[in-house]
Amino acid sequence: MQKVYTKIDSIAGNVITVRASGIRNGDLAMVTSAHGESLANVIKLDREEVSLQVFSGARGISTGDKVRFLGVPMRISYSDDLLGRIFTGSGKPRDNGPELTENLIEIGGPAVNPAKRIIPRNMIRTGIPMIDVFNTLVESQKLPIFSVSGEPYNEVLARIAMQAEVDLIILGGMGLKFDDYLYFKNTLEKSGAMSRTIFFVHTASDPTVECLLVPDISLAVAERFALDGKKVLVLLSDMTNFADALKEIAITMEQVPSNRGYPGDLYSSLAARYEKAVDFEGAGSLTILAVTTMPGDDVTHPVPDNTGYITEGQFYLRHSRIEPFGSLSRLKQQVNSDTRDDHRALMDGMIKLYAAYTEALEKKSMGFQMSEWDDKLIKYGEMFENRLMDLSVNIPLEEALDLGWEILAACFEPKETGMRSELVLKHWPKEAS
Amino acid sequence: MAKKGGRVTGINGNMVTVEFDGDVSQNEVGFILLGDQRLKSEVIRISGKIASLQVFEMTGGISVGDEVEFSGLMLSVELGPGLLTQIYDGLQNPLPELAIECGFFLQRGVYLNPIPDKSWEFTPRVKVGDSVFPADTVGTVPEGIFTHRIMVPFYLAPSAWTVESIKPAGTYAVRDEIAVIKDSKGNKQSLSMVFPWPIKRPITQYLERLQPKEPLVTQIRIIDTFLPVAKGGTYCIPGPFGAGKTVLQHMTSRNADVDIVIIAACGERAGEVVETLKEFPELIDPKTGKTLMERTIIICNTSSMPVAAREASVYTAVTIAEYYRQMGLDILLLADSTSRWAQAMREMSGRLEEIPGEEAFPAYLESVIASFYERAGVVTLRDGSKGSVTIGGTVSPAGGNFEEPVTQATLKVVGAFHGLSRERSDARKYPAIDPLESWSKYPSVIDMAKVDYARSILFDGHEVSQMMKVVGEEGTSVEDYIIYLKGELLDQVYLQQNSFDDVDFAAPIERQQVVFDVLFKILGAKLQIEDKKTARSTINEIRQKFVDWNSVARNDERFEMYKNEIEELVGGQFVEYEGKAAKILQVK
């Protein structure tokens, strides 16, 4: 039964309250004002008093506006018609295409039973050596890219989207600059990946509440496709904007803030989204790659900090490079034993030498005496940075491994690498030795 | 008693307010009736005729006016044979059975019997006419490798009960009546093998609590030697993300020398639990020859599961631990992570609109943490046997900063502190426990004087290395440089341990003693070394031998060979023992 109310009691931020009865927690309502219609959902009930957050914002809403309860929670249409389409955070088309109303599914569904999870086992190839070789991305992993404003994180995301061997890409944009949105759209269109992509985009100029819905709506759709056997990659950019939207609503609702104004349930809210990443036994999988910008390049800021505790590793993107230190894929051990016999050893060995390089560099800048070994390290470090770390490098894993050996051979004697002799013997480039 | 009820008056996140009739008690369980679903919740505040309930499920779809049914019972767990090898959620719902019933997702409002309906081989221990007290054993059943005591329920009045009837030896279903007892007034009580106990009340059915003294061997060198844990003690592992808290807990859960390990995965990643879930049934415990799963119970309330159940999960775990302690067993409870549990408290406190304390944690944070850790302990039971519960909790401090409230409140009540450092984990020095910052109040498995001496080398070496950063190697004396190298040696060959190596991942006590003795003699020796280059190469050579030694099994013939080689290597340069070290060695 639909009920219409025409008296709004209070309006604060994007939250309005009306007096109504028989309303269920989480239900949707349609708010009709002079500026058009907007959906809203119930976020709090206190006797007759119903608080709703208005998706398009409460700006311009009058106390006499009409609120019509729809009696259903937030839902999104699920079908193959979604492919290649672009929607807003509340699921409305953004691309002049038709609105989809068939086969509605609920968003923000229950968690996966841990007993039904399986140990991840498939690598996702990206063509970026710093990921494939050193911190392999694994199907069903949840991994953030920690970065700062100005770094090319969206470019990295777009590149991974185009090159990753997955069936379906869902891009959830939160607070995206319009330019970035167009960049994603154009890049994916040009590469022909658009037909297997779905966009849910909230740009910086859109109402805040829609930003909150983007992860849920993206992940609900992704989960369904995964259950139907698809390998889905969900890209979320930027989760810090999502957290800020949470903060805004929490403050409006007069919740006690915990750390730098963020609500006490920030960890749970982020975890509920990230934990959607899963590999379904006998069906598809859902992998999440998210951008988290660190305000002030501070990893102890509540958003990256809480994220780090939830996700299975992190990539640091700094100076247009994926940092070898700090970056970590917690799941790489599950897959990098079956790629090539030298993968693990080369991964560890090259990083250890690179660490020695940074020490040598420090020594040099302090003006201490440089040994022959230090000079070798410096040559190695520079080659490593230019030929493997550079983000423009785009080669398959095997080629990257060969290149690694080539760099080692150009700088060191086999016994200086600190790796097992049999491996070195097998992979050391012939012409160099 | 008539069923008490009420109606929902408000919903805010996972908190629901209810107007009730009759009497309602604090921490009582209520069910919100939503169609044919019954959503479990717990009373956390009562004010007039309004009770605030935290709901253990998602609250979408609840509306004002929905009916609520109160159970009259506090939030409880079921205790009895069959708990071992189980995987429960925070409310003791068996997850594998739930998966069979509901598939991939956790459907709300589905609660299954925690203790499986199984039959057990019962042997009575009492006869008709015997007098028994609560927690006395009326019979036993074999549960895997243990003798599970069937006890008089703890909740009965603490007076003498007379056994009226008891079943003879035989096989009975777990919920069958196995005995009837009556009190002095003639009130009869039927007993089965299971009974409930409220999770937030400690089980105190023992004669006395003792000082934890006996070491709990984890087979992790840095812990057993330098930062020991005692059976019945408590310890905490704070550390920033990626420092290896979970790997450390995982290693401990595999290698710890206790009877039963209870893992409480509280608000952490589901993927980590899955590894334990899939690995433990495959791994063989060398002590018993059975799989590790047979001594393990997993309480798993991962980060995306409802937050109120996360708050309950650590209590569920500690209650089950106390129950097995009553059988004279040693239990280790590993809680990962207590910060998530504290955060769950913070969320509820916020919804109750309580006045916030530091970082918005509730003011009662410290007392709640203290009373949780106080549930650990080693006790003498009424039959004279001893049992213990040891609690090890990880802490995930915001920003890796140990000054935050949860770490500080925990440090006040634990007996050992294993602080993980980002610096060490970045340098791949695992386990990344900071040897300079961490402490323990429990006795080590190794002579304390030696351990203290080794620690002082570590401190001095660290000081030298700090100085060297300023003045460079060329500005450091040979003596200082050797101290620095000795510190590094101790760190690299003893404090660090490779959890992926087949031998090194577990170092039994006897082995630790042998290795440490050899190492101590090197640390305490004055060596005949003229310049830094020789110093470095000598120590490097020793280090290499130690590394090889560490990965050779104890029964391997090369074990003695490496020991001798190291001693020979040192012997070549040996002058005499340094004053303090000489004293320690003479005293021995």
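Is Cys102(B) buried or exposed? I looked this up before anything else, and Cys102(B) is buried, with a relative accessible area of 18%. Here buried means under 20% relative accessible area, exposed means over 50%, and partly exposed is in between (1.4 Å probe, protein chains only).

**Ground rules**

I am working with a predicted model, in which local features need pLDDT of at least 70 and side-chain atom pairs count only at pLDDT 80 or more, while totals for chains, interfaces and linings use all residues. Residues are numbered from 1 along each chain as its sequence is written, chains are lettered from A and ligands numbered from 1 in the order in which they are written, and side-chain values use heavy atoms, with hydrogens and water left out.

**Cysteines**

I searched the whole structure for disulfides (pairs of cysteine sulfur atoms within 2.5 Å) and found 0 over all chains. Cys102(B) is in no disulfide, and its nearest cysteine sulfur, that of Cys300(B), is 15 Å away. I then asked why Cys236(B) has no bond to Cys266(B). The sulfur of Cys266(B) is the closest cysteine sulfur to that of Cys236(B), but at 15 Å it is too far for a bond. Cys236(B) is buried too, with a relative accessible area of 0%.

**Where chain A meets chain B**

I took contact as heavy atoms within 4.5 Å, and this brings in 55 residues from chain A and 64 residues from chain B. The two chains bury about 4,900 Å² between them, 56% of it on carbon and sulfur atoms; that area is the accessible area (1.4 Å probe) lost on putting the two parts together, summed over both.

For salt bridges I used a side-chain nitrogen of Lys or Arg within 4 Å of a carboxyl oxygen of Asp or Glu. Between chain A and chain B I count 2 salt bridges, and in one between these chains Glu19(B) meets Arg47(A) at 3.7 Å, N to O.

Which element gives the largest share of the side of chain A that touches chain B? I find that helix 7 of chain A does, with 6 residues. Helices (H or I, at least four residues) and strands (E, at least two) are DSSP runs, numbered from the N terminus.

**Salt bridges within the chains**

Over all chains the count comes to 54 salt bridges. I looked at several in turn.

- Glu99(A) pairs with Lys92(A), the closest N and O atoms being 3.4 Å apart. Glu99(A) is partly exposed at 46% relative accessible area, and Lys92(A) is partly exposed at 33%.
- Asp297(A) and Arg318(A) meet at 3.3 Å, N to O. This pair links distant parts of the chain, with Asp297(A) in the loop between strand 20 (285–293) and helix 7 of chain A and Arg318(A) in strand 21 of chain A, 21 residues apart. Asp297(A) is partly exposed at 35% relative accessible area, and Arg318(A) is partly exposed at 22%.
- Arg38(B) forms a salt bridge with Glu69(B), the closest N and O atoms being 3.2 Å apart. Arg38(B) lies in strand 4 (residues 37–47) of chain B and Glu69(B) in strand 6 (residues 67–74) of chain B, so the pair ties together parts 31 residues apart in sequence. Arg38(B) is partly exposed, with a relative accessible area of 34%, whereas Glu69(B) is buried at 17%.

My last entry is a network: salt bridges that share partners join Arg117(A), Lys142(A), Glu275(A) and Glu312(A).
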